[in-house]
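Let's take a walk through a protein model together. Have the sequence and the 3D view ready, and follow along as we go.

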Amino acid sequence: MAAAGLESAWEYLITHFSEFQLASIGTFLLHESVFFLSGLPSLLLERLALFSKYKIQKKSNTPDYQNRCVLRLVLYHVCVNLPLTILSYRTFKFMGLRSTLPLPHWTVVVSQVLFFFVLEDFIFYWGHRALHTKWLYQHVHSVHHEYATPFGLTSEYAHPAEILFLGFATVAGPALTGPHLFTLWVWMILRVLETVEAHSGYHFPWSPSNFLPLYGGAEFHDYHHRVLYTKSGNYSSTFVYMDWLFGTDKDYRKTKALEEKEGTKHL
């Protein structure tokens with residue numbers, strides 16, 4: 001029943017809109033909706049001082065500093081993300097993107113999305129680690145680290161060059177497999193939700209890292225933001241195995257163990 005309803009909804013979309021419209025404007029609007037709807041709650045929680053006991057750091061951003069982030073995000077998204085989404089359609093089409101019925105079987109969607117996550121994590125790790133070299137950090141990545149106390153929307157607050165640089169990790173998997181547009185949307189939604197959660201600044205009892213093996217989450221990534229860039233480590237985007245394999249999470253593990261032993265909270 002659910003599958004039939006989904007196919008009917010998809011039939012409506014492909015009947016009333018061209019593939020180009022769906023893959024470009026549709027993708028952009030879907031991204032913006034998921035990003036801002038999932039990112040705004042942590043901003044409001046911080047501003048209203050709600051659920052403070054679950055906040056990872058004691059300090060908070062001022063309303064003006066939060067507003068500055070939101071305004072610049074709108075500018076970056078309209079001036080950088082939207083043109084890139086429109087221009088990338090031809091590339092994805094060449095690589096095999098399709099939007100026709102039937103929709104791919106759920107096993108295809110799951111296997112491709114898992115592949116996208118693993119590949120993205122591998123590429124992102126090395127790209128992110130490169131951004132922490134002195135020149136790239138000072139001229140590019142330092143923009144993202146202006147927010148040492150992150151909240152959900154800071155996940156996409158970055159220099160335009162970084163958007164292009166690390167954005168490659170997100171599109172590499174889909175570009176290689178030429179997925180159905182539906183699969184691409186599922187991947188985008190999950191990736192946005194993951195990065196927003198990782199930058200939320202809150203660690204709740206229901207946070208994914210409490211249940212998903214190898215998942216980094218907010219506590220893992222928050223450490224990356226609050227220490228000096230040469231010592232931050234924790235370069236992975238979703239999972240933790242790359243940092244574990246290459247020893248770039250050692251300081252985080254030591255700090256976490258010490259804080260748990262002493263019962264202290266991050267400053």
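How many disulfides does the count come to? Zero. Keep in mind that this is a predicted model, so what follows is computed from its atoms.

Why no bond for Cys-69? A disulfide needs two cysteine sulfur atoms within 2.5 Å. The cysteine sulfur closest to that of Cys-69 belongs to Cys-79, and it sits 16 Å away, which is too far for a bond. Looking from the other side, Cys-79 has its closest cysteine sulfur in Cys-69, again at 16 Å and too far. Cys-69 is also buried, because its relative accessibility is 0%.

**Two helices that cross**

Two packed helices are described by the angle between their axes and the distance between the axes. Now find helix α1 (residues 2-16) and helix α8 (residues 181-198): their axes come within 12 Å and cross at roughly 105 degrees. An angle of 65 to 115 degrees counts as roughly perpendicular, so that is how α1 lies relative to α8. Which residues make the contact? On the α1 side they are Leu-6, Trp-10 and Leu-13, while α8 brings Leu-181, Phe-182 and Trp-185. Sort the residues of this contact by type and you get six nonpolar, no polar and no charged.

**Salt bridges**

Next, the charged side chains. Searching the whole structure turns up eight salt bridges. Here are some of them, with the distance between the N and O atoms.

| Salt bridge | N to O distance |
|---|---|
| Lys-55 with Glu-46 | 3.5 Å |
| Glu-120 with Arg-191 | 2.9 Å |
| Glu-194 with Arg-191 | 2.4 Å |

Start with Lys-55 and Glu-46: are they buried or exposed? Both are buried.

Then move to Glu-120 and Arg-191, whose closest N and O atoms are 2.9 Å apart. This pair links distant parts of the chain, with Glu-120 in helix α5 (residues 106-131), Arg-191 in helix α8, and their positions 71 residues apart. Glu-120 and Arg-191 are both buried.

Where do Glu-194 and Arg-191 lie? Both are in helix α8, three residues apart, or about one turn of the helix. Anything under 20% relative accessible area is called buried, so Glu-194 qualifies at 5% and Arg-191 does too, at 9%. Through salt bridges that share partners, Glu-120, Arg-191 and Glu-194 are joined into one network.

Notes. Residues numbered from 1 in each chain as written. Predicted model: local features only at pLDDT ≥ 70, side-chain atom pairs only at ≥ 80, totals over all residues. Heavy atoms only, no water. Buried < 20%, exposed > 50% of the residue type's maximum accessible area, 1.4 Å probe, protein only. Axes fitted to C-alpha atoms, helices over the stretch in contact; angles between N-to-C directions. Helix = DSSP H or I, 4+ residues; strand = E, 2+ residues; numbered from the N terminus. Parallel < 35°, antiparallel > 145°, perpendicular 65-115°, else oblique. Contact = heavy atoms within 4.5 Å. Nonpolar A, V, L, I, M, F, W, Y, C, P; charged D, E, K, R; others polar. Salt bridge = Lys/Arg side-chain N within 4 Å of Asp/Glu carboxyl O.
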